[in-house]
Amino acid sequence: MIQEVQDEGKLDSTLIIYICGDNGTSAEGTLYGTSISSLRYNGIMDAPMPLQLLHYSDWGSEKTYPHMSVAWSWAFDTPFKWTKQVASHFGGTRQGRLFRGPVTSTTWAHSHPVHHVIDIVPTILEATGSRRPN
C-alpha cells in the first residue's frame, strides 16, 4: 500500500494508520488453554486434562473454538500487565500501531510505539488541521 501511494506521488501528503489486532488478548483459556472457550462462559472454569486431550487432534478445526492459556495471553499483551479482564493494567486495551504521515504532524513525529486506539482521532485532527467536534 505504501509503495502504491508513493508511486502516485502522494506519500508526503497521506496519513496511513495501521492497527495490529483487536485490542489484545483475554484470559478465557484458563491456566492450560482450552479447546472450547465457551466452557468458561458456562461456569466450567477448568476442563479436566483427560477431556481436553480427547479433542487434541481437533484443535484448530471447525470442531473446536480454542483459546490459549493465560500465560500466552499475558505474553501477547506485552508490554502491559495482565489481560483484557484487568483493564487497570492496560493489558489487552492498547495496541501496537504504525503511523506514516506528513512530518509536519507533531502527534506523528512524537508518537510512542504503543498507543490506545483513541489516539488516532487527535492525530487525524492535527494532520488535517481540523478542530475537535463539540
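**Group meeting: a walk through a predicted model**

Read along the sequence, this protein follows the pattern α-β-α-α-α-β-α-β-α. Its secondary structure comes to 6 helices and 3 strands. I should say at the outset that the model is a predicted one, and everything I describe this morning is to be taken in that light.

Let me begin with the protein as a whole. The protein has 134 residues, and buried residues make up 28% of them. As for contacts between residues at least 6 apart in sequence, 53% join residues at least 24 apart.

I turn now to the N-terminal part of the chain. Between α1, residues 2–7, and β1 there is a loop, and L11 has its place there. Is L11 buried or exposed? Its relative accessible area is 10%, and the cut-off for a buried residue is under 20%, so L11 counts as buried. Which residues does L11 touch, once its neighbours within four places in sequence are set aside? They are I2, V5, Q6, I16 and R100. The last of these, R100, is 89 residues away from L11 in sequence, yet the two C-alpha atoms are 8.7 Å apart in space.

R100 appears again when we move on to strand β1, where Y18 lies. Y18 and R100 are 82 residues apart along the chain, and their C-alpha atoms are separated by 8.7 Å. In accessibility, Y18 contrasts with L11: Y18 is exposed, at a relative accessible area of 52%, whereas L11 is buried.

After β1, residues 16–19, comes the loop that leads to α2, residues 38–41, and T30 lies in this loop. Two features of T30 deserve mention. With 9% relative accessibility, T30 counts as buried. Its phi is also positive, near 60°, in a residue other than glycine.

S37 is placed in the loop between β1 and α2 as well. S37 counts as buried, at 3% relative accessibility. Beyond its neighbours within four places in sequence, S37 is in contact with Y65 and H67.

T30 also brings us to the cavities. How many cavities of 30 Å³ or more does the structure hold? There are 2, and the largest encloses about 50 Å³ of space. This largest cavity is lined by 13 residues, and those closest to its centre are T30, T34, L39, I44 and M45. By character, the lining of the largest cavity divides into 5 nonpolar, 5 polar and 3 charged residues.

Let us continue along the chain to T64, which is found in the loop between α3, residues 49–54, and α4, residues 70–76. T64 counts as buried, since its relative accessibility is 12%. Leaving aside neighbours within four places in sequence, T64 is in contact with S35, D58 and W59. With D58 there is a polar approach to point out: a polar atom of the T64 side chain lies 3.4 Å from the backbone oxygen of D58.

The next helix, α4, takes us to aromatic rings. The structure holds 1 aromatic pair. It is formed by W72 and F76, whose ring centres are 6.2 Å apart and whose planes meet at 50°, so the pair is described as tilted. Why is the term tilted, and neither stacked nor edge-to-face? Planes under 30 degrees apart would count as stacked and planes over 60 as edge-to-face, so an angle of 50° falls in the remaining class.

Where do the two residues of this pair stand in the helix? W72 and F76 are 4 residues apart in α4, which means that about one helical turn separates them. In general, an α-helix has 3.6 residues a turn, so residues three or four places apart point the same way. W72 is exposed, with a relative accessible area of 54%. F76 counts as exposed too, at 54% relative accessibility.

Finally, I come to helix α6, which spans residues 120–128 and has I120, T123 and L125 as its buried residues. G129 follows α6, and the phi of G129 is positive, near 70°.

To recapitulate for those new to this structure, three places are worth finding on the screen. One is R100, which is in contact with L11. Another is T30, which is among the residues closest to the centre of the largest cavity. The last is the tilted pair of W72 and F76. Thank you for your attention.

Definitions and conventions
Residues are numbered from 1 along each chain as its sequence is written. This is a predicted model: local features need pLDDT of at least 70, side-chain atom pairs count only at pLDDT 80 or more; totals for chains, interfaces and linings use all residues. Side-chain values use heavy atoms; hydrogens and water are left out. Buried means under 20% relative accessible area, exposed over 50%, partly exposed in between (1.4 Å probe, protein chains only). A polar contact is a pair of N or O atoms within 3.5 Å; within protein, one must be able to donate a hydrogen and the other to accept it, and residues adjacent in sequence count only if both atoms are side-chain atoms. Contact means heavy atoms within 4.5 Å. On a 1 Å grid over the protein atoms alone, a cavity is a set of points where a 1.4 Å probe fits but cannot get out, and a pocket is an open set with protein on both sides within 12 Å along at least five of seven lines; lining residues have an atom within 4 Å of a point. Grid points are joined across faces, edges and corners, and a volume is the space filled by probe spheres set on the points. Ala, Val, Leu, Ile, Met, Phe, Trp, Tyr, Cys and Pro count as nonpolar, Asp, Glu, Lys and Arg as charged, and the others, Gly among them, as polar. Rings of Phe, Tyr and Trp (its six-membered ring) pair if their centres lie within 6.5 Å; planes under 30 degrees apart count as stacked, over 60 as edge-to-face and the rest as tilted.
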